[in-house]
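Hi everyone, thanks for making the time. I'd like to walk you through a structure that may be new to you, so let's get it up on the screen.

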Amino acid sequence: MQKEDEEDNLQEKDIDKSLPKDNFSLEDFKLFWLEYLSQLKSNKKNKSLFNVLDTVQWRLTQEKNIEFTFDSSTMILEFEQAREHFLKALRTQLNNYSIMVITKVSKSNETKNHIKTRREIFQELVDKNPSLELLRKKFNLNIDNSPD
């Protein structure tokens, strides 16, 4: 949690106070959001990012920041790779350079449909049957490899 706070503080320091901070409405953000998702969907290179952002739950905070709630930490990692690009587009479109994006993982115990990594799937199996971890080590298996 402290690391998350430090990252938010770093973002705040990076904001140039002289840049515009226009007010924007929920509708303004929704328009940006739908356009951004549409651009991601049409770009085949960003398919996984589109899937992550298409399932994220978001809300506009009272401070006019955007809070994303992801289903897993893996989804946050996927978003973090595009965070800078997303923030640049968001701030430019809404002409508000003080907007911050806050990320967190859902605390809900409900199982939701989301794309799981091989590591997550394997870990779930290991939780049910710890012998699998011994077999993985014995045969030197790399579960992170993805098929070509």
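**A first look around**

Of the 148 residues in this chain, 30% are buried. Please keep in mind that we are looking at a predicted model. The secondary structure adds up to seven helices and three strands, and if you follow the sequence along, the pattern reads α-α-α-β-β-α-α-β-α-α. How do the contacts spread along the chain? Taking contacts between residues at least 6 apart in sequence, 65% of them join residues at least 24 apart. As for the outside, the chain exposes about 10,700 Å², and carbon and sulfur atoms supply 49% of that area.

**Helix H2**

Let's turn to helix H2, which runs over residues 26-42. Its 17 residues reach 24 Å from the first C-alpha to the last, close to the 24 Å expected at 1.5 Å a residue. Which residues of H2 are buried? They are Phe-29, Phe-32, Trp-33, Tyr-36, Leu-37 and Leu-40. These buried residues cover an arc of only 130 degrees around the axis, so they sit on the same side of H2. Here is a handy reminder: an α-helix has 3.6 residues a turn, so residues three or four places apart point the same way.

And what lies over that side? The cover on the buried residues of H2 includes helix H3, strand S1 (57-60), strand S2 and helix H5. Now rotate to the face of H2 turned away from its buried side, and you will find the exposed residues Leu-31, Leu-34, Lys-41 and Ser-42.

**Helix H4**

Next comes helix H4, residues 73-80, where the buried residues are Met-75, Ile-76 and Phe-79. Looking down the axis of H4, these residues fall within an arc of 105 degrees, and therefore they line one face of the helix. Among the elements that cover them are helix H3 (47-55), strand S2 (66-70), helix H5 (83-94) and strand S3 (101-105). So H3, S2 and H5 turn up in the cover of H4, just as they do in the cover of H2.

**Stops in the loops**

A few loop residues deserve a visit. Lys-64 lies in the loop between S1 and S2. Its phi is near 65 degrees, a positive value in a residue other than glycine. Lys-64 is partly exposed, with a relative accessible area of 31%.

Asn-95 also has a positive phi without being a glycine, at about 50 degrees. You can find Asn-95 in the loop between H5 and S3, and it is partly exposed at 28% relative accessible area.

Then there is Ile-115, in the loop between S3 and helix H6 (118-128). Is Ile-115 buried or exposed? Its relative accessibility is 56%, and because the exposed class starts over 50%, Ile-115 counts as exposed. Leaving aside residues up to four places away in sequence, Ile-115 touches Asn-51 and Glu-120. The C-alpha atoms of Ile-115 and Ser-48 are separated by 8.8 Å, although the two residues are 67 apart along the chain.

**A patch on the surface**

Let's finish on the outside. Leu-135, Phe-139 and Leu-141 form a nonpolar surface patch, with about 310 Å² of accessible area together. Leu-135 belongs to helix H7, residues 131-138, and is partly exposed, with a relative accessible area of 42%.

That's my tour, and I'm happy to take questions.

Technical notes:
Residues numbered from 1 in each chain as written. Predicted model: local features only at pLDDT ≥ 70, side-chain atom pairs only at ≥ 80, totals over all residues. Heavy atoms only, no water. Patch = residues over 30% accessible without salt bridge, like charges linked within 9 Å, V, L, I, M, F, W, Y side chains within 5 Å. Areas by Shrake-Rupley, 256 points an atom, 1.4 Å probe, with all protein chains shown as cover. Salt bridge = Lys/Arg side-chain N within 4 Å of Asp/Glu carboxyl O. Helix = DSSP H or I, 4+ residues; strand = E, 2+ residues; numbered from the N terminus. Buried < 20%, exposed > 50% of the residue type's maximum accessible area, 1.4 Å probe, protein only. Arc of directions from axis to C-beta. Contact = heavy atoms within 4.5 Å. Expected span 1.5 Å × (residues − 1).
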